[in-house]
Amino acid sequence: MITAFMLACYMNGALNGAIYFKSVKDCTFYSENLSGQEFDTDMGKQKYKCICKLVPSINPDKVKVY
């Protein structure tokens with residue numbers, strides 16, 4: 001088991017995707033650069049918001065950690 005940082009991305013409050021990183025620096029880089037993007041959908045413009053969450057124990061044999 002290892003500690004990892006999960007990049008969780010939401011579109012209008014609904015979880016849209018997640019990816020795990022070993023480094024908080026990498027996680028925050030992607031969070032800052034992906035957040036705030038707007039997409040045109042059938043429901044109108046929707047905004048993307050990403051945050052980093054500390055995950056205390058991840059099994060790297062079951063989850064890909066970058």
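Start by selecting the cysteines: a search of this whole predicted model turns up two disulfides. With the bonded cysteines of the protein numbered in sequence order, they pair 1-3, 2-4.

**First stop: Cys 9 and Cys 50**

Show these two as sticks and you will find their sulfur atoms 2.2 Å apart, joined in a disulfide. Turn the view to look along the S-S bond: its torsion is about 110°, so this disulfide is right-handed. Cys 9 sits in strand 1 and Cys 50 in strand 4, so the pair links distant parts of the chain, 41 residues apart. Add a surface, and both Cys 9 and Cys 50 turn out to be buried.

**Second stop: Cys 27 and Cys 52**

Now move to the other disulfide, where the sulfur atoms of Cys 27 and Cys 52 are again placed 2.2 Å apart. Here the S-S torsion is about -120°, so the disulfide is left-handed. Cys 27 belongs to helix 1 and Cys 52 to strand 4, so the pair ties together parts that lie 25 residues apart in sequence. Keep the surface on for a moment: Cys 27 has 0% relative accessibility and counts as buried, while Cys 52, at 28%, counts as partly exposed.

**Third stop: the sheet**

Switch to a cartoon view. In what order do the four strands of the open sheet stand? Reading across, the order is 2-1-4-3, with antiparallel pairing. Strand 2 (14-21) and strand 3 (38-41) are at the edges with a single partner strand each, so one side of each has no neighbour in the sheet. Tilt the view to see the twist: neighbouring strands are turned by 35° against each other on average, direction ignored.

Next, color the strands one pair at a time:

- Strands 1 and 2 run antiparallel and are joined by seven bridges; select Ala 8 to find its bridge partner Ala 18 in strand 2.
- Strands 1 and 4 pair in the antiparallel sense over nine bridges, and Met 6 has Lys 53 of strand 4 as its bridge partner.
- Strands 3 and 4 (44-58 for strand 4) are antiparallel too, over four bridges; one to pick out is that of Glu 38 with Lys 47 in strand 4.

Before leaving, zoom in on the hairpin of strand 1 and strand 2. Two residues lie between the strands, and Asn 12 takes a positive phi near 50°.

**Fourth stop: helix 1**

Select residues 24-34. This is helix 1, which packs on the sheet and touches strand 1 (2-11), strand 2 and strand 4; its direction makes about 5° with that of strand 1. Strand 1 itself is mostly covered, with seven of its ten residues buried.

**Last stop: the nonpolar cores**

Select Phe 5, Leu 7, Cys 9, Met 11, Phe 21, Cys 27, Tyr 48 and Cys 50 together: these eight residues form the largest nonpolar core. Strand 1 and strand 4 each supply at least two residues of this core, and strand 1 gives the most, with four.

Center on Phe 5 and display its surroundings. Leaving out residues up to four places away in sequence, Phe 5 touches nine listed neighbours, among them Ile 19, Phe 21, Val 24, Cys 27 and Leu 54. Finally, look for another core that lies apart from the largest one: it has seven residues, including Met 6, Tyr 20, Val 55 and Val 65.

Definitions and conventions:
Residues numbered from 1 in each chain as written. Predicted model: local features only at pLDDT ≥ 70, side-chain atom pairs only at ≥ 80, totals over all residues. Heavy atoms only, no water. Pairing = 2+ DSSP bridges. Axes fitted to C-alpha atoms, helices over the stretch in contact; angles between N-to-C directions. Contact = heavy atoms within 4.5 Å. Buried < 20%, exposed > 50% of the residue type's maximum accessible area, 1.4 Å probe, protein only. Disulfide = S-S within 2.5 Å. Core = buried A, V, L, I, M, F, W, Y, C linked by side-chain atoms within 4.5 Å.
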